[in-house]
Amino acid sequence: QWGGLVKFPALAGTGVLVFAGYTAAGRRVWGADWDAGYWFSCAWLAVLFSSAVLADVLPLAEHVDITKSLAEPGNASPDLISSHPLGTNNLSLDLLARSLFGARVSLLTSLLAVSLGLIVGGALGMAAGFFGGWLDRGVEVVTNTLLAFPALILLIALAAVLGRPTSIGGAVLKTGVALAIVVLPVLVRLARTHTLLLRQREFVIASEMLGARRSRILLTKILPNVAIPLLAYAVVLLAVMIVAEGSLAFLGLGLAQPQPTWGNMIAEGGLRTLVDHPHIPLVPGAFMFLTVLSLNRVGERVTAGGDARVSHL
């Protein structure tokens, strides 16, 4: 069963050589500061997002309906020149197609969680840091309470309250809301900290002395500058949310089979499948690994740029 995986070391070696050549060529053209890893990460994310969006029109094999895959081989090993380049699972469903359709659920869930966290957490953090008083104390109590719970325990509790999703839309909404609640305290504290720093800056004090309304100062002076570090951190946080969504699906608290997500694909079949047909969990695992790695790589660059922008204020 390992025959199809024998080709992958050669493919990996070829990839390393291509990467080395690409790095050398890039540095020769654009200078020593050329970051090939960053641009490869951007390329991977662009290809993945576009493929997930266009999955319905791409020439992919069947990914969910087993009645349409009866004539296909089950547990087929990866073969890059076959009709199933990344193999099939035990139901003869194509792993490449399932990984791309599963990316929709994983990415949309993570985007929803981060977006909700940014909007709600950013608003609460800025209000608490700017107005202070009872509002600041109340927000601090809530965030400390949420941070006191282990993240996994809190996610399991929220999944029990919200119920296990039975559709793709339900999975994105329920899991996204649960993840947003878990990440909310971190974003609240980040927004509050930056607001407290900006609250003492000269341009804010000058606006107050000129009689500007506090709401206007908050929206025109504080918000644009707090948004910079929040958005920079959100890119890294998106990678964390992808792993968290996959963990919930792996534990059986996310979208159920046969609808694919990266998490339930990795959990498919259990230990026996991992021993006999390792490509079945490794294919979605590779998609998740490359995506999280790329988001972290891009996030580092965005965070560095955001920190430099804030330091010049």
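**Group meeting: an all-helical predicted chain**

Let me begin with charge: the mean positions of the 21 positive and 17 negative charges of the chain lie 11 Å apart. Here Lys and Arg count as positive and Asp and Glu as negative, while His and the chain ends are not counted. Each charge is placed at NZ of Lys, CZ of Arg, CG of Asp or CD of Glu.

This is a predicted model, in which local features need pLDDT of at least 70 and side-chain atom pairs count only at pLDDT 80 or more, whereas totals for chains, interfaces and linings use all residues. Residues are numbered from 1 along each chain as its sequence is written, and side-chain values use heavy atoms, with hydrogens and water left out.

Now the overall fold. The chain has 11 helices and 0 strands; helices (H or I, at least four residues) and strands (E, at least two) are DSSP runs, numbered from the N terminus. The C-alpha atoms occupy a box of roughly 75 × 55 × 35 Å along the principal axes. Of the 313 residues, 41% count as buried; buried means under 20% relative accessible area, exposed over 50%, and partly exposed in between, with a 1.4 Å probe and protein chains only. The accessible surface of the chain is about 16100 Å², and carbon and sulfur atoms contribute 70% of that surface. These areas come from the Shrake-Rupley method with a 1.4 Å probe, and for residues only the protein chains shown count as cover. Of the contacts between residues at least 6 apart in sequence, 72% join residues at least 24 apart, where contact means heavy atoms within 4.5 Å.

I turn next to helix α6. Does its length agree or disagree with the expected span? At 1.5 Å a residue, the 32 residues of α6 (residues 168–199) should span 46 Å, and the end C-alpha atoms are 43 Å apart, which agrees. The expected span is 1.5 Å times one less than the number of residues. Helix α6 also has a kink of about 45 degrees at V183, shortly before the proline P185; the bend is the angle between axes fitted to the seven residues ending at a position and the seven starting there. Further along α6 is L198, which is buried, with a relative accessible area of 5%. From L198 to G299, 101 residues apart in sequence, the C-alpha distance is 23 Å.

Where do we find positive phi values outside glycine? The loop between α2 (36–53) and α3 (95–131) holds N75, with a positive phi of about 55 degrees. The loop between α2 and α3 also holds S92, with a positive phi of about 65 degrees. Most residues other than glycine have a negative phi. As for their surroundings, N75 is partly exposed because its relative accessibility is 23%, while S92 is buried because its relative accessibility is 10%.

Finally, two further residues. D35 sits in the loop between α1 (7–30) and α2. Is D35 buried or exposed? At 17% relative accessibility, D35 counts as buried. Which residues does D35 contact, leaving aside neighbours within four places in sequence? Those residues are R297 and R301. D35 and T23, 12 residues apart along the chain, have C-alpha atoms separated by 7.5 Å.

A148, in helix α4 (residues 133–148), is exposed, with a relative accessible area of 62%. The C-alpha atoms of A148 and R213 are 37 Å apart, with their positions 65 residues apart along the chain.
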